[in-house]
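Q: I have a model open and would like to talk through how its helices pack and what sits in its core. Can we begin with whatever terms we need?

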Amino acid sequence: MSQCSHCLTNVSFMAVLNTINPFKLKCSKCKAPVRIDKVSGSIAVAIILAIMVPVMYLLKDTESYFLQVLLPVALTAEFAYFALIKYGVVKIK
Ligand SMILES: [Zn+2]
């Protein structure tokens, strides 16, 4: 289980959701920076994007694209990334 090195709180989904930079999270409890390992983080982001981009492209003619495609795809991607961090596939420094 991946934890904040500062306060030992488990990394939360909100911490992943609230960041613009996928390699730099903020602990949702103590706000300390949680740095993601560049190698495993990059691989995870690349794989997630490799799935996300074609899906978004294939569904580009969908009505209300933002609500029906962009939002669910982005949330799924965030959740996948969170799960990879949680189970230690993507490592924390
Ligand atoms: Zn913390």
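A: Let us begin with a term for helix directions: an angle over 145 degrees between two axes counts as roughly antiparallel. Please keep in mind that this is a predicted model.

Q: Good, so at what angle do the axes of H2 and H3 cross?
A: The axes of helix H2, residues 38–58, and helix H3, residues 65–86, cross at roughly 160 degrees and come within 10 Å. H2 and H3 are therefore roughly antiparallel to each other.

Q: And is that crossing right-handed or left-handed?
A: The crossing of H2 and H3 is right-handed.

Q: Which residues make the contact?
A: From H2 the contact takes Ala-44, Ile-48, Met-52, Val-55 and Met-56, while H3 supplies Val-69, Leu-70, Val-73, Ala-77, Ala-80, Tyr-81 and Leu-84.

Q: How do those divide into nonpolar, polar and charged?
A: The contact of H2 with H3 has 12 nonpolar residues, no polar ones and no charged ones.

Q: Let me pick Val-73; what is Val-73 in contact with, leaving aside its neighbours within four places in sequence?
A: With those neighbours left aside, Val-73 of helix H3 is in contact with Met-52, Val-55 and Met-56. Val-73 and Val-55 are 18 residues apart in sequence, and their C-alpha atoms are 8.1 Å apart in space.

Q: Why does Val-73 count as partly exposed?
A: Val-73 counts as partly exposed because it has 16 C-beta neighbours inside 10 Å, whereas a buried residue needs 20 or more.

Q: Changing topic, how many residues has the largest nonpolar core?
A: The largest nonpolar core has 14 residues, and those with the most contacts inside it are Val-11, Ala-15, Val-16, Leu-25, Val-34, Tyr-81 and Ile-85. Helix H1, residues 13–17, and H3 are the elements that give two or more residues to this core, and H3 gives the most, with four residues.

Q: What does Val-34 contact, again leaving aside neighbours within four places in sequence?
A: Val-34 is then in contact with Cys-4, Val-11, Ala-15, Leu-25, Lys-26, Cys-27 and Ile-92.

Q: Last topic, the backbone: what is phi of Lys-31, and what is phi of Ser-64?
A: Most residues other than glycine have a negative phi. Phi of Lys-31, however, is positive, near 65 degrees, and phi of Ser-64 is also positive, near 40 degrees.

Q: Where are they placed, and are they buried or exposed?
A: Lys-31 is in the loop between strand S1 (24–26) and strand S2 (33–35), and it counts as exposed because it has 12 C-beta neighbours inside 10 Å. Ser-64 is in the loop between H2 and H3, and with 9 C-beta neighbours inside 10 Å, Ser-64 counts as exposed too.

Notes. Residues are numbered from 1 along each chain as its sequence is written. This is a predicted model: local features need pLDDT of at least 70, side-chain atom pairs count only at pLDDT 80 or more; totals for chains, interfaces and linings use all residues. Axes are lines fitted to C-alpha atoms, for helices over the stretch in contact, and angles run from 0 to 180 degrees between N-to-C directions. Angles under 35 degrees count as roughly parallel, over 145 as roughly antiparallel, 65 to 115 as roughly perpendicular and the rest as oblique. A crossing is left-handed if the near helix is turned anticlockwise from the far one by less than a right angle, and right-handed if clockwise. Two residues are in contact if their C-beta atoms, placed from the backbone, lie within 7 Å. Ala, Val, Leu, Ile, Met, Phe, Trp, Tyr, Cys and Pro count as nonpolar, Asp, Glu, Lys and Arg as charged, and the others, Gly among them, as polar. A nonpolar core is a set of buried Ala, Val, Leu, Ile, Met, Phe, Trp, Tyr and Cys residues joined through C-beta atoms within 7 Å.
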